[in-house]
Amino acid sequence: MLDTRRAIERGVQALGLQTLGKPELSIVAFGSPTHDIAAIGQGLQRRGWLTGYVTKPSGIHLMLNLTHEPVVERYLWDLKASMEDARNAGGSAAPVKAVY
């Protein structure tokens with residue numbers, strides 16, 4: 001599980017996103033002050049991913065479990081594509097509320 005989280009962290013950082021906080025177990029959040037996180041999250045949802053959000057700072061939240069291990073590369077590929085979609089769309093997506 002920790003290897004999966006570390007792989008996600010490395011992947012999002014390679015895409016220019018920042019890990020939020022200091023994850024220690026199987027929960028990770030990432031975001032960016034320069035990318036439209038709402039649009040990226042909506043792109044992930046269109047690709048079939050359940051997307052959780054955090055606020056202050058704005059980010060995407062993942063609660064990892066064993067089912068994530070075999071799909072890390074697919075998730076990162078879809079994240080990259082969602083970032084490209086958001087960048088190409090220009091403007092910004094409607095804000096997304098984090099619900100706790």
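**Close-up views of a predicted model**

**View 1. The pairing of β2 with β4 in a four-stranded sheet.** Five bridges, given as 5 in the count, join β2 to β4, and the two strands run antiparallel; strands (E, at least two residues) and helices (H or I, at least four residues) are DSSP runs numbered from the N terminus, and two strands pair if DSSP finds at least two bridges between them. This is a predicted model, in which local features need pLDDT of at least 70 and side-chain atom pairs count only at pLDDT 80 or more, while totals for chains, interfaces and linings use all residues. Residues are numbered from 1 along each chain as its sequence is written, and side-chain values use heavy atoms, with hydrogens and water left out. Phe30 has Ile60 of β4 as its bridge partner, and Ile27 stands opposite Met63 in β4.

**View 2. The open sheet and its edges.** The order of the 4 strands in this open sheet is β1-β2-β4-β3, with antiparallel pairing. Because β1 (18-20) and β3 stand at the edges with a single partner strand each, one side of each is left without a neighbour in the sheet. On average, neighbouring strands of the sheet are turned by 40° against each other, direction ignored, where axes are lines fitted to C-alpha atoms (for helices over the stretch in contact) and angles between N-to-C directions run from 0 to 180 degrees. Helix α1 (residues 2-14) lies across β1, β2 and β4 and runs at about 5° to β2.

**View 3. The hairpin of β3 and β4.** Over 3 bridges, β3 and β4 pair in the antiparallel sense, and Tyr53 stands opposite Ile60 in β4. The two strands form a hairpin with 4 residues between them, and Lys56 in the turn has a positive phi of about 50°.

**View 4. Helix α2 and its surroundings.** Of the 10 residues of helix α2 (residues 37-46), 7 are buried, and the helix is thus described as mostly covered; buried means under 20% relative accessible area, exposed over 50%, and partly exposed in between, with a 1.4 Å probe and protein chains only. Among these buried residues are Ile37, Ile40 and Leu44, and what covers the buried residues of α2 includes β2 (27-31), β3 (52-54), β4 (59-63) and α3 (72-89), contact meaning heavy atoms within 4.5 Å. At the start of α2, a side-chain oxygen of Asp36 comes to within 3.3 Å of the backbone nitrogen of Ala38. Just after the helix, Gly48 takes a positive phi of about 100°.

**View 5. Helix α3 and the aromatic pair.** The 18 residues of α3 should span 26 Å at 1.5 Å a residue, and its end C-alpha atoms are 26 Å apart, which agrees; the expected span is 1.5 Å times one less than the number of residues. The buried residues of α3, including Val72, Leu79 and Met83, pack against α1, β2, α2 and β4. The count of aromatic pairs comes to 1, with rings of Phe, Tyr and Trp (its six-membered ring) pairing if their centres lie within 6.5 Å, and planes under 30 degrees apart counting as stacked, over 60 as edge-to-face and the rest as tilted. The rings of Trp49 and Tyr75 have centres 5.0 Å apart and planes at 85°, so the pair is edge-to-face.

Key. A polar contact is a pair of N or O atoms within 3.5 Å; within protein, one must be able to donate a hydrogen and the other to accept it, and residues adjacent in sequence count only if both atoms are side-chain atoms.
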